[in-house]
Amino acid sequence: MAFIIELLLIGVGLSMDAFAVSVCKGLAMRKVNKKQAVVIGLFFGGFQALMPFVGWALGTRFESYITSIDHWIAFILLAFIGGKMVVEGYRLEEDETVKELDPPLDLKEMLLLAIATSIDALAVGITFAFLNYPIVECITIIGLTTFVLSIVGVVVGNMFGSRYQKKAEIAGGMILILIGVKILFEHLGIFVL
């Protein structure tokens with residue numbers, strides 16, 4: 001059960017970039033367009049599931065070389081990614097204005113946004129390989145979590161505007177940092193859950 005909760009927290013942490021972008025997409029809608037919300041969720045959820053798999057595949061190739069330091073790699077990667085998200089959360093500017101209400105989804109733009117918001121998940125996938133996490137469960141939970149939170153982001157953006165974008169980014173970063181610290185402490189024998 002603790003493993004599932006950890007994966008859910010990783011999924012939430014990783015999905016904060018996608019959530020923030022989904023909030024912005026929701027801002028541009030007069031009324032929530034359910035079809036567009038699902039497409040946004042599929043793009044973000046799909047790439048958040050694909051990227052850890054790619055990272056895991058790369059990580060398994062190099063596992064034998066780094067097993068003695070895998071916990072440090074997991075900690076450094078998660079702390080770096082989380083720290084970057086926290087810094088970006090504080091740097092978000094309030095100048096994102098809505099120029100056109102209810103614009104059609106640009107699939108090329110969605111592809112680029114999905115890739116950009118899932119790069120962090122690639123690094124997390126590498127840590128999954130080092131920690132011998134079951135990749136199918138990992139990518140399923142991360143993908144579904146991001147799918148749901150992206151749809152929620154569209155709705156939140158539509159209802160409340162961009163007030164929570166900054167807080168979501170910071171919260172996601174903090175979750176990843178805390179999970180990195182937990183992994184490091186467990187492997188050093190300091191903390192056992």
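## Close-up views of a predicted model

A search of the whole structure turns up 3 aromatic pairs; here, rings of Phe, Tyr and Trp (its six-membered ring) pair if their centres lie within 6.5 Å, with planes under 30 degrees apart called stacked, over 60 edge-to-face and the rest tilted. This is a predicted model, so local features need pLDDT of at least 70 and side-chain atom pairs count only at pLDDT 80 or more, while totals for chains, interfaces and linings use all residues. Residues are numbered from 1 along each chain as its sequence is written, and side-chain values use heavy atoms, with hydrogens and water left out.

**View 1. F3 meets Y133 edge-to-face.** The ring centres of F3 and Y133 are 5.1 Å apart, with 85° between the planes. This pair links distant parts of the chain: F3 belongs to helix α1 (residues 2-27), Y133 to the loop between α5 and α6 (135-160), and 130 residues separate them. Helices (H or I, at least four residues) and strands (E, at least two) are DSSP runs, numbered from the N terminus. F3 is partly exposed at 28% relative accessible area, whereas Y133, at 14%, counts as buried. Buried means under 20% relative accessible area, exposed over 50%, and partly exposed in between (1.4 Å probe, protein chains only).

**View 2. F128 stacks with Y133.** Have a look at F128 and Y133: their centres lie 5.4 Å apart, and the angle between the planes is 25°. F128 is buried, with 1% relative accessibility. Ring pairs join F3, F128 and Y133 into a cluster.

**View 3. S118 sits in helix α5 (residues 107-130).** Is S118 buried or exposed? With a relative accessibility of 0%, S118 counts as buried. Leaving aside residues up to four places away in sequence, S118 touches F47, Q48 and M51; contact means heavy atoms within 4.5 Å.

**View 4. A nonpolar patch lies on the surface.** I69, W72, I76, F185, L188 and I190 make up this patch of about 560 Å². Helices α4 (70-91) and α7 (165-188) are the elements that each give two or more residues to the patch. Patch residues have over 30% relative accessible area and no salt bridge (a side-chain nitrogen of Lys or Arg within 4 Å of a carboxyl oxygen of Asp or Glu); like charges are joined within 9 Å, and nonpolar side chains (Val, Leu, Ile, Met, Phe, Trp, Tyr) within 5 Å. Accessible areas come from the Shrake-Rupley method with a 1.4 Å probe; for residues, only the protein chains shown count as cover. W72, in helix α4, is partly exposed at 38%.
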